[in-house]
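Work through the exercises below with the model open. Try each task before you read its solution.

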Amino acid sequence: MSDLQNIAKETQIAARQLGILPETARNNALMAIASALEKHQNEIITANKADCDASEGVISSALYARLKLGESKLKSAIAGVQDVARLDDPIAMVSLKRELDEGLILHRVSCPLGVLGVIFEARPDALIQITSLAIKSGNGVILKGGKEALQTCTTLVKIIHETLKNTEVNPNAIQLLTTREEIKGLLTLDKYVDLIIPRGSNEFVRYVQENTKIPVLGHADGICHLFIDSDADLLQTINITVDAKTHYPAACNSIETLLIHKAIATKFLPEIAKALREKGVELRGDEETQKIINCESATEEDWQTEYSDLILAIKIVDNLTNAISHINQYGSKHTDAIVTNNQQNAEIFMSQVDSAGVYHNCSTRFADGFRYGFGAEVGISTQKMPPRGPVGLEGLVTYKYKLIGNGQIAATYTGDNPKDFTHKNLLQEC
């Protein structure tokens, strides 16, 4: 058995132990981790500075922004751990209780997935979020961060392991891989790993999907849109557009394309462009846009690009139908928004845009597990099957059917004189 298989087997054993621990034990472990991270804040920031110094000028500005773990971002991550501890326990939730016959009762009960394999670029704060969600949901996790975040991730896991030694949670439930070669090996461990969550480029996510038998949850691109309808408020439009593009342009929920109704383009576009340029945004527009504002020409490639930077493509559309069509053709099914005072148009937009998140009169930046009240997220899923959107605790549990009887056999309910099932719902009596 290889070293990687041994790690996976240890994680699986620890995960099974974790999955049956009482909620108080898991919560106590999370609060202990939060305290330890706060205590070792300077050590973590120092390690991250070393990673940032080594990566400056080597990686993209978007990736660098994700890599940087300053005091403010670290405090937010620690608060997220505490928030997860305060969430309701996702394990052992009964979603169905049904009498099949007298004395034969069926329960559908939530339970952990088992072992998660999470591969992520840069963001060391993601390691903190993923670890807290894994512990709360009773799952083990094998983490593989990007090489640019190696010192930060190693420091974080060392602190977490030392902390867990003084709790009921086995430290082996949280593992860190450190080499690129281990990714390929991780994808072959279908005997031990129950779900792979890749967080990276389109090419990387597709590579993972095509090279493993393990179920994969994730999204490749974050090509988000904002559509300004003809019946929109100008001030509200400017505020939402600026926030959705500039609040954190490296995030996957930042808009990459602005669509604007032709009826208000001449009035709205110059004001929007002014506000964006004051924030340092480079604008690229279609032919109609260039007739109204001075900007670079947008090409077909721009509609398909996740910039993760202060760049925004702009297109003028004839109507709501054209806006929806553009989004469904070029979008990544992540998050798309409409600004309008026309409630009917808003409802049509949110019904017909095929994305995990559809918003009305608010920024796409709200597409986040923490902002949804999930405490944190392991990632965002754009697949059709659940879980979809920001994936928190509910996306990390499955369920099993528990049938409790008193000697019943299936033959009683078949044959020439079969007994009838009662199929009586008992859940409201729980």
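The exercises cover one helix, the pockets, the salt bridges and the cavities.

This is a predicted model, in which local features need pLDDT of at least 70 and side-chain atom pairs count only at pLDDT 80 or more, while totals for chains, interfaces and linings use all residues. Residues are numbered from 1 along each chain as its sequence is written, and side-chain values use heavy atoms, with hydrogens and water left out.

**Exercise 1. Helix α6**

Task: Compare the span of α6 with its expected span, then state how many of its residues are buried.

Solution.
- Step 1. Find the element. Helices (H or I, at least four residues) and strands (E, at least two) are DSSP runs, numbered from the N terminus. Helix α6 covers residues 124-136, 13 residues in total.
- Step 2. Take the span. The expected value is 1.5 Å times one less than the number of residues. For α6 this gives 18 Å, and the first and last C-alpha atoms are 19 Å apart, close to that value.
- Step 3. Check burial. Buried means under 20% relative accessible area, exposed over 50%, and partly exposed in between (1.4 Å probe, protein chains only). In α6, 13 of the 13 residues are buried, so the helix is largely enclosed by the rest of the structure.
- Step 4. Look just past the end of α6. Glycine 138 has a positive phi of about 80 degrees.

**Exercise 2. The two largest pockets**

Task: Give the volume and lining of the largest pocket, then do the second largest.

Solution.
- Step 1. Set the terms. On a 1 Å grid over the protein atoms alone, a cavity is a set of points where a 1.4 Å probe fits but cannot get out; a pocket is an open set with protein on both sides within 12 Å along at least five of seven lines; lining residues have an atom within 4 Å of a point. Points are joined across faces, edges and corners, and a volume is the space filled by probe spheres set on them.
- Step 2. Take the largest pocket. Its volume is about 980 Å³. It is lined by 43 residues, and Arg66, Arg123, Arg199, Tyr248 and Ala251 lie nearest its centre.
- Step 3. Trace its walls. α4 (61-67), α5 (71-86), α6 and β14 (379-381) each give at least two lining residues. The largest share, five residues, comes from α5.
- Step 4. Sort by class. Ala, Val, Leu, Ile, Met, Phe, Trp, Tyr, Cys and Pro count as nonpolar, Asp, Glu, Lys and Arg as charged, and the others, Gly among them, as polar. The lining of the largest pocket has 16 nonpolar, 15 polar and 12 charged residues.
- Step 5. Take the second largest pocket. It holds about 670 Å³. Of its 27 lining residues, Pro90, Leu393, Glu394, Gly395 and Val397 are closest to the centre. Two or more lining residues come from each of β1 (94-101), β2 (104-112), β15 (389-391) and β16 (397-404). This lining has 15 nonpolar, seven polar and five charged residues.

**Exercise 3. Salt bridges**

Task: Characterise the pairs of aspartate 53, aspartate 101 and aspartate 125.

Solution.
- Step 1. Apply the rule. A salt bridge is a side-chain nitrogen of Lys or Arg within 4 Å of a carboxyl oxygen of Asp or Glu. The count is 17 salt bridges.
- Step 2. Aspartate 53 pairs with lysine 49, with the closest N and O atoms 2.9 Å apart. Both sit in helix α3 (residues 41-55), four residues apart, about one helical turn. Aspartate 53 is partly exposed at 42%; lysine 49 is exposed at 51%.
- Step 3. Aspartate 101 pairs with lysine 419 at 3.0 Å between the closest N and O atoms. Aspartate 101 lies in strand β1 and lysine 419 in the loop between β16 and β17 (424-425), 318 residues apart. Aspartate 101 is buried at 5%, whereas lysine 419 is partly exposed at 44%.
- Step 4. Aspartate 125 pairs with arginine 123, with the closest N and O atoms 3.3 Å apart. Aspartate 125 is buried at 7%; arginine 123 is partly exposed at 22%.

**Exercise 4. Cavities**

Task: Which residues line the second largest cavity?

Solution.
- Step 1. Count. There are two cavities of 30 Å³ or more.
- Step 2. The second largest has a volume of about 30 Å³. Its lining is Ile327, Asn328, Gly331, Lys333, Asp354 and Ser355.
- Step 3. Cross-check with charge. Lys333 and Asp354 also belong to a salt-bridge network with Lys384 and Arg388.
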